[in-house]
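User: Please take a close look at the helix that carries the N-terminal salt bridge partner pair in this chain, and at the helices packed against that helix. I would like one connected account, with the cut-offs behind each term.

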Amino acid sequence: EELLRREERKFWHMVEESVPSLGALGSKEDLLRYGLAALLRAVVEAPDAFRVIYLQRNGENRVERGREHWEQRIAEVLSAWTRLPERETTLLGRMLVALAELAFRVQLDEPGRWEPDALAAYLAGVVIHGIPTGD
């Protein structure tokens, strides 16, 4: 149990460190790519820890509590970057956390298929510019 708590603290610290500060410089795509890449490099470096922490056991809600905090932090950053109403920044915060969770699963389920920086760049580009047409 103590090992799990220690790994959870490290996990949520990595999550918090990946969220850009309110005054961070750079384009939205650069900041999104940076945050995703930081998280994905952590997944690649410690996949077993992410499996233990992120793939929760039945009946536990620790991941949900952390996810809610993460979504709120992302919404705060989006509010600072944009003039969107709170309703929309909240929704976008949830979407970006879901995107990061998808990327976690890709890294865990398909090790080596995507380098963290390449996956982060691809996903950030899709979010900012839309789905590429392949032309």
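Analyst:

**Helix α2 and its surroundings**

Asp-30 and Arg-33 are separated by about one helical turn, because they stand 3 residues apart in helix α2. Helices here are DSSP runs of H or I with at least four residues, strands are runs of E with at least two, and elements are numbered from the N terminus. The model is a predicted one, in which local features need pLDDT of at least 70 and side-chain atom pairs count only at pLDDT 80 or more, while totals for chains, interfaces and linings use all residues. Residues are numbered from 1 along each chain as its sequence is written, and side-chain values use heavy atoms, with hydrogens and water left out.

Asp-30 and Arg-33 form a salt bridge whose closest N and O atoms are 2.7 Å apart. The term denotes a side-chain nitrogen of Lys or Arg within 4 Å of a carboxyl oxygen of Asp or Glu. Asp-30 is partly exposed, since its relative accessible area is 35%, and Arg-33 is partly exposed at 28%. On this scale, buried means under 20% relative accessible area, exposed means over 50%, and partly exposed lies in between, with a 1.4 Å probe and protein chains only.

The count by the salt-bridge rule comes to 5. Among them is the pair Glu-76 and Arg-73, at 3.2 Å from N to O. These residues lie in helix α4 (residues 62-81), and being 3 residues apart they too are separated by about one helical turn. Glu-76 is partly exposed at 42%, whereas Arg-73 is buried at 16%. Glu-110 and Arg-113 form another, at 3.1 Å from N to O; Glu-110 is partly exposed at 29% and Arg-113 is exposed at 62%.

The packing of α2 comes next. Two packed helices are described by the angle between their axes and the distance between the axes. The axes are lines fitted to C-alpha atoms, for helices over the stretch in contact, and the angles run from 0 to 180 degrees between N-to-C directions. Helix α2 (residues 28-45) and helix α6 (residues 116-129) have axes that come within 8 Å and cross at roughly 145 degrees. Their crossing is right-handed: the near helix is turned clockwise from the far one, whereas an anticlockwise turn by less than a right angle would be left-handed. On the α2 side, the residues that meet α6 include Arg-33, Leu-36, Ala-37, Leu-40 and Val-44, and their counterparts in α6 include Leu-119, Leu-123, Val-127 and Ile-128. Contact means heavy atoms within 4.5 Å. Arg-33 therefore takes part in the salt bridge with Asp-30 and also in the contacts with α6.

Beyond α6 lies a segment that holds Gly-130. Gly-130 is partly exposed at 30%, and its C-alpha atom is 19 Å from that of Ala-37, a residue 93 positions away along the chain.

Helix α2 also packs against α5. The axes of this pair come within 10 Å and cross at roughly 35 degrees, and the crossing is right-handed. Leu-36, Leu-40, Val-43 and Val-44 are among the α2 residues involved, and Leu-99, Ala-103, Phe-104 and Leu-108 are among those of α5. Leu-40 thus appears in the contacts with α6 and in those with α5.

Within α5, Ala-103 is buried, with a relative accessible area of 1%. Leaving aside neighbours within four places in sequence, Ala-103 touches Leu-40, Leu-119 and Leu-123; Leu-40 belongs to α2, and Leu-119 and Leu-123 belong to α6. Leu-108, another α5 residue, is buried at 7%. Outside a window of four places in sequence, Leu-108 is in contact with Val-43, Pro-47, Phe-50 and Arg-51. The C-alpha atoms of Leu-108 and Arg-51 are 7.7 Å apart, although the residues are 57 positions apart in sequence.

Finally, the surface. Met-95, Val-127 and Ile-128 form a nonpolar patch with about 220 Å² of accessible area together. Patches consist of residues with over 30% relative accessible area and no salt bridge, with like charges joined within 9 Å and nonpolar side chains (Val, Leu, Ile, Met, Phe, Trp, Tyr) within 5 Å. The areas come from the Shrake-Rupley method with a 1.4 Å probe, and for residues only the protein chains shown count as cover. Met-95 lies in helix α5 (residues 86-109) and is partly exposed at 41%, while Val-127 and Ile-128 are in α6, where they are listed among the residues that meet α2.
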